Amino acid sequence: MGKQSLHDDEDDRLPTSLLDTTTTAVGDQQLQVTSRLGSKAILAVSTGQHHAACATSQGTVYVVGTNLHGCLDPDLPEEQVCSRPVLLESLGQIRVVQVSCGYDHTAALSSNGSVLTWGSNSHGQLGHRDSSEFGTLKELPSLVGLPLVGMSAGHAHAAVVTAHGTALVWGSNRKGACGREYPEELALPVPVKVVSDSKAGTTLPFTNWEFRKDSDGMIVKLADDVAIQHVACGYAHTILVARSGRLLVFGDNCRGQLGTTASEKPVVNAIPVYHPNGGRFVSAEAGNAHSVLLDSEGDVWMTTSTGLRCILEGQHALAIAAGGDDNAVAIGSPPSGNTTLNRQFSMDSAEDGTMIVDQVESLLDEMDSDSANKVEAGQDIAKRTEELLRYVTSLHDCAVIFPSLNRSSSHEHCHFA
């Protein structure tokens with residue numbers, strides 16, 4: 001099961017026969033659901049051809065499926081099948097906010113803005129020059145220092161987006177999936193060349209830049225029509241969503257997956273695609289040969305052989321997902337009318353022992369105020385405190401500081417079961 005670490009949840013290592021299970025009816029079938037993930041809230045989830053992965057609110061990653069070329073965990077045997085979610089211990093103390101599964105590789109975006117990849121590197125999809133067919137989990141050195149805010153893994157290529165609106169791609173350039181005619185593979189991340197923007201209001205040679213003055217002086221930034229805020233990678237195509245709401249697309253378009261009329265001729269340089277009703281797209285997801293788009297009104301669109309078609313209207317969708325052949329999922333807004341998804345860690349990371357003690361004090365104060373159910377509150381605080389103590393670099397400070405933590409007698413009989 002890979003290397004063991006000190007603060008792993010004991011439940012993560014239980015045999016599946018010992019886990020609590022429930023049975024749920026779906027149509028005529030009975031699905032068995034385990035409690036291995038327990039009450040962990042999910043920040044992000046992704047599925048590939050052979051595996052799936054999710055990032056929890058604790059910053060941990062769980063993987064499930066077949067370990068083809070190490071796409072689950074390089075520390076597990078080749079092609080081992082994990083039928084229940086397994087904690088990815090190779091990440092150590094790294095907290096992950098997003099995860100994306102390719103065919104036989106996986107990518108993760110950490111809370112500090114770094115990208116880590118593992119699995120097969122047969123087409124350069126890991127973003128570094130390691131030629132091993134069984135790539136170890138590794139941070140991409142060429143992206144260190146960039147303010148990364150999003151990423152996506154396709155069949156054998158991947159892409160990231162920076163806070164400044166730049167997109168970088170690497171891996172297989174089959175049918176122009178990396179937005180260029182050649183080479184066939186990119187072993188390292190390279191910027192995407194986007195079409196010149198006619199709305200920036202500037203002259204050559206800065207056609208894609210916007211210059212304006214405000215109270216702080218001159219501001220120079222990428223124009224909204226070419227500044228990328230979201231990216232989605234499919235089998236051999238890529239969808240970029242610009243801040244203006246238009247799309248920049250390239251790659252295979254045999255089934256119209258780029259949002260234009262289907263053609264056997266691939267698009268090797270990015271072309272713009274606009275909302276059919278003049279609206280703004282805000283995010284995209286890609287399957288093998290189709291794409292799903294979410295606009296600012298919460299309507300969901302899907303690519304067809306003749307262009308874009310609205311498949312969900314007036315439901316105020318908050319998030320979308322796509323995969324396989326013509327599969328799509330949308331998360332609708334609750335009856336309360338909330339229009340945003342709350343994706344955040346359950347606890348802030350602690351940089352030193354003093355901060356840990358402060359947060360533990362805050363948790364105990366919460367339990368004081370929750371007089372209705374002391375046991376449940378105590379269990380919740382125990383879990384959250386354990387999460388704080390995952391950070392090994394802070395344990396030495398805690399050993400010195402925690403003896404000074406002197407609580408009132410109201411906590412003497414609290415049991416953190």
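A residue counts as buried when its relative accessible area is under 20%, as exposed when that area is over 50%, and as partly exposed in between (1.4 Å probe, protein chains only). By that yardstick, buried residues make up 44% of the 417 residues in the protein.

A word on the model itself. It is predicted: local features need pLDDT of at least 70 and side-chain atom pairs count only at pLDDT 80 or more, while totals for chains, interfaces and linings use all residues. Residues are numbered from 1 along each chain as its sequence is written, and side-chain values use heavy atoms, with hydrogens and water left out.

## Overall make-up

The protein has three helices and 26 strands. Here helices (H or I, at least four residues) and strands (E, at least two) are DSSP runs, numbered from the N terminus. If we take contacts (heavy atoms within 4.5 Å) between residues at least 6 apart in sequence, 48% of them join residues at least 24 apart.

## The nonpolar cores

In soluble globular proteins, nonpolar side chains tend to be buried together. A nonpolar core is taken here as a set of buried Ala, Val, Leu, Ile, Met, Phe, Trp, Tyr and Cys residues joined through side-chain atoms within 4.5 Å. The largest such core has 29 residues, and those touching the most other members are Ile228, Ile239, Leu240, Leu247, Phe281 and Leu293. At least two residues of this core come from each of β12 (157-162), β13 (167-172), β17 (228-233), β18 (237-242), β19 (247-251), β20 (267-273) and β21 (281-286). Another core, of 18 residues, lies apart from it, and includes Val86, Leu91, Val99 and Cys101.

Which residues does Leu240 contact, leaving aside its neighbours within four places in sequence? They are Ala167, Val192, Ile228, His230, Val231, Arg246, Leu247, Leu248 and Phe250.

## A four-stranded sheet

Strands pair if DSSP finds at least two bridges between them. An open sheet of four strands runs in the order β11-β12-β13-β14, with antiparallel pairing. Its edges are β11 (148-153) and β14 (185-191), each of which pairs on one side only. On average, and with direction ignored, neighbouring strands of this sheet are turned by 10° against each other; axes are lines fitted to C-alpha atoms, for helices over the stretch in contact, and angles run from 0 to 180 degrees between N-to-C directions.

Let us look at the β11 end of this sheet. β11 and β12 form a hairpin with three residues between them, and their antiparallel pairing spans five bridges. Ala153 has Ala158 of β12 as its bridge partner, whereas Leu148 is matched with Thr162 in β12. Is β11 enclosed or open? Five of its six residues are buried, so β11 is largely enclosed by the rest of the structure.

## Salt bridges

A salt bridge is a side-chain nitrogen of Lys or Arg within 4 Å of a carboxyl oxygen of Asp or Glu. The structure holds three of them, listed here with their N to O distances.

| Basic residue | Acidic residue | Distance, N to O |
|---|---|---|
| Lys175 | Asp252 | 3.9 Å |
| Arg246 | Asp225 | 4.0 Å |
| Arg255 | Asp326 | 2.8 Å |

Lys175, in the loop between β13 and β14, and Asp252, in the loop between β19 and β20, are 77 residues apart, and their pair links distant parts of the chain. Lys175 is partly exposed at 32% relative accessibility, whereas Asp252 is buried at 7%.

Arg246 and Asp225 are both buried. Arg246 sits in the loop between β18 and β19, and Asp225 in the loop between β16 (217-222) and β17, 21 residues apart.

Arg255 lies in the loop between β19 and β20 and Asp326 in the loop between β25 (317-323) and β26 (327-332), so this pair ties together parts that are 71 residues apart in sequence. Arg255 is partly exposed, with a relative accessible area of 36%, and Asp326 is partly exposed at 40%.

## Cysteines

A search of the whole structure for disulfides (pairs of cysteine sulfur atoms within 2.5 Å) finds zero. For Cys71, the nearest cysteine sulfur is that of Cys101, 7.6 Å away. Cys71 is buried, with a relative accessible area of 0%. Cys178 is likewise in no disulfide, and the nearest cysteine sulfur, that of Cys233, is 7.9 Å away. Cys178 is buried with a relative accessible area of 0%.
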